[in-house]
Amino acid sequence: MSRSSGFLDTLLTSPSTERFRVGISLLFLLGVWLSVGSFASGLPNGMLLMAAAVIGGYMAINIGANDVANNVGPAVGSGALSLGAAVALAAVFEAAGALIAGGDVVSTIKGGIIDPSNLSDDRSFVWLMTAALLAGALWLNLATWMGAPVSTTHSIVGGVLGAGIAAGGWGIADWEVMGKIAASWVISPVLGGVLAALFLYLINRTVLYRRNVIAAARIFVPWLVAGMAWAFGTYLMLKGLKKLVSLDFMGASLVGLVAAAVAFFAIRALVNRKAATMENNAAGVNTLFTWPLIFAAALLSFAHGANDVANAIGPLAAINDAIANGGVMTSSSIPLWVMAVGALGIALGLMLFGPRLIKTVGSEITELDKTRAFCIALSAALTVILASQLGLPVSSTHIAIGGVFGVGFLREYLKSNYATQLHKIMEERDPEERERLKPFLDDFRNASVEEMENLLKRAKRNKKQVPLTKTDRKRLKKIYREEMVKRSHLTRIATAWIVTVPASALMAAILFFTLRGLMI
């Protein structure tokens with residue numbers, strides 16, 4: 001973007017600013033300690049509440065550093081947003097979502113993971129939630145350092161489970177709920193990946209592989225963006241604004257249809273206006289998805305702030321409620337100060353430590369352009385809607401990352417599918433034909449998927465210069481495997497997903513015993 005944006009990008013990623021980032025984080029946590037201390041000093045266990053608030057702030061910083069990358073990473077990787085602009089946009093919308101539309105009530109037992117009635121006393125519950133919160137934050141910190149985007153919700157789930165077992169034994173856990181959470185490790189990324197790949201394939205077939213890309217874009221792109229507007233309108237009403245407006249699926253869908261109609265006519269006008277100057281290729285179509293991607297990043301961040309942040313700071317709300325009321329409540333309201341800790345901590349964590357994960361999601365797993373990023377964003381919204389209606393336990397983090405991998409693996413498949421038997425074709429030709437074919441096949445081997453399609457069409461029209469038969473063209477499939485998805489990232493991220501719950505559970509159990517030993 002601008003020179004100032006470039007300066008901000010450099011500042012956010014410069015290793016020399018690491019001590020500065022840590023110092024700002026410590027100042028924020030000190031501010032939380034002093035702020036909570038101003039009204040908690042007269043409460044019994046007030047010091048414990050102050051400590052829990054600091055841990056909650058630390059958790060929020062780590063959520064901003066890790067979880068939010070999924071919302072803006074594809075937009076950054078595709079070039080729709082600069083890193084600095086994405087960080088600023090996500091910080092504002094995450095905080096707005098938490099403060100404006102954050103949930104009023106959050107279950108202290110995190111969706112029935114444990115039964116607090118099995119605990120011996122109220123103090124054990126406070127220690128349990130404190131240990132769970134700290135364990136979840138530590139695991140997120142470690143995962144961010146490793147460059148692995150993981151689920152905030154699963155980190156907290158593991159923390160509550162581990163500390164709960166340490167406090168009340170194995171019988172305290174609801175293993176049926178845990179089984180559903182384990183199932184989401186597969187359901188979430190597979191659903192996200194399959195949908196993202198299907199959308200990309202649809203765009204390829206209806207627009208990018210057409211001879212007249214501009215004419216195809218005029219027909220199909222408005223409908224694609226309208227579909228995205230419907231998905232995000234519905235998603236926002238079901239997930240992001242549920243505190244302010246309570247609608248069932250049909251009501252939310254009608255709001256989504258209104259958004260879709262507005263988007264359809266706006267994008268159709270934009271395409272018609274740009275058609276005269278737009279390039280007749282994939283690059284030209286890519287420019288049409290810039291603003292939809294920016295809106296998607298903003299809406300995903302707002303919905304995440306409204307939905308997941310409340311869950312992440314739920315243990316802090318539970319601790320506050322238990323200390324203030326002198327007992328364990330089935331559910332607890334979230335005070336404004338707790339929401340503020342979560343909102344400000346997430347915004348700060350994103351600005352200070354988020355760029356690393358944003359780059360991982362946006363550019364290090366697979367190469368993204370605006371069309372591919374659009375498919376990932378649309379997949380994320382639709383998967384959450386579908387899963388919520390079917391009652392499937394899914395993670396927004398896993399869905400988004402699954403979408404990135406799905407797009408990458410589809411690219412690999414398409415590329416290899418077009419490039420299979422180049423060597424065989426060359427071997428079957430006489431020397432003269434080989435010389436005539438060699439430039440074409442060299443271009444074909446190095447071409448993108450979109451360019452391969454055009455090369456084959458030109459070869460069909462110019463058979464004298466490129467002596468390929470119909471059978472030859474069909475045989476242009478896999479000759480080599482080009483790694484368009486970084487397998488090292490796949491292995492690291494998948495491993496982090498699998499160990500998130502047990503790792504945070506083990507940390508929480510150790511922290512619970514440590515805390516109990518210090519307090520007794």
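Q: How many salt bridges does the structure hold?
A: The structure holds one salt bridge. It is a predicted model, in which local features need pLDDT of at least 70 and side-chain atom pairs count only at pLDDT 80 or more, while totals for chains, interfaces and linings use all residues. Residues are numbered from 1 along each chain as its sequence is written, and side-chain values use heavy atoms, with hydrogens and water left out.

Q: What makes the meeting of the Asp 369 and Arg 372 side chains a salt bridge?
A: The term asks for a side-chain nitrogen of Lys or Arg within 4 Å of a carboxyl oxygen of Asp or Glu; the side chains of Asp 369 and Arg 372 meet at 3.6 Å, N to O, and therefore fit that limit. Both residues are buried, a word for under 20% relative accessible area, with exposed meaning over 50% and partly exposed in between (1.4 Å probe, protein chains only).

Q: Why is the pair of Trp 223 and Phe 264 given its name?
A: The structure holds nine aromatic pairs. In the pair of Trp 223 and Phe 264, the ring centres are 4.6 Å apart and the planes stand at 55°, so the pair is tilted. Rings of Phe, Tyr and Trp (its six-membered ring) pair if their centres lie within 6.5 Å, and planes under 30 degrees apart count as stacked, over 60 as edge-to-face and the rest as tilted. The pair links distant parts of the chain, since Trp 223 lies in helix H9 and Phe 264 in helix H10 (residues 249-274), 41 residues apart. Together with Phe 265, Trp 223 and Phe 264 form one aromatic cluster.

Q: Is Trp 223 buried or exposed, and is Phe 264 buried or exposed?
A: Trp 223 has a relative accessible area of 57% and is therefore exposed, whereas Phe 264, with 12%, is buried.

Q: What makes Phe 232 and Tyr 235 an aromatic pair, and of which kind?
A: The ring centres of Phe 232 and Tyr 235 are 6.4 Å apart and their planes lie at 70°, so this pair is edge-to-face. Both residues lie in helix H9, three residues apart, about one turn of the helix. Phe 232 counts as buried at 4% relative accessibility, and Tyr 235 is buried as well, with a relative accessible area of 8%.

Q: Which helix gives the most to the largest nonpolar core?
A: The largest nonpolar core has 153 residues, and among the members that touch the most others are Val 221, Trp 337 and Ile 358. Helix H9 (residues 213-240) gives the most to this core, with 15 residues. A nonpolar core is a set of buried Ala, Val, Leu, Ile, Met, Phe, Trp, Tyr and Cys residues joined through side-chain atoms within 4.5 Å.

Q: How do you know whether Leu 336 counts as buried or exposed?
A: Leu 336 has 66% relative accessibility and therefore counts as exposed. This residue is found in helix H14 (residues 336-353).

Q: Why does Gly 408 count as buried or exposed?
A: Gly 408 counts as buried because its relative accessibility is 0%. Gly 408 lies in helix H17 (residues 396-418), and its C-alpha is 9.3 Å in space from that of Gly 193, although the two are 215 residues apart in sequence.

Q: How many helices and strands does the protein chain have?
A: The protein chain has 22 helices and two strands, which are DSSP runs numbered from the N terminus (helices H or I, at least four residues; strands E, at least two). Of its 520 residues, 56% are buried.
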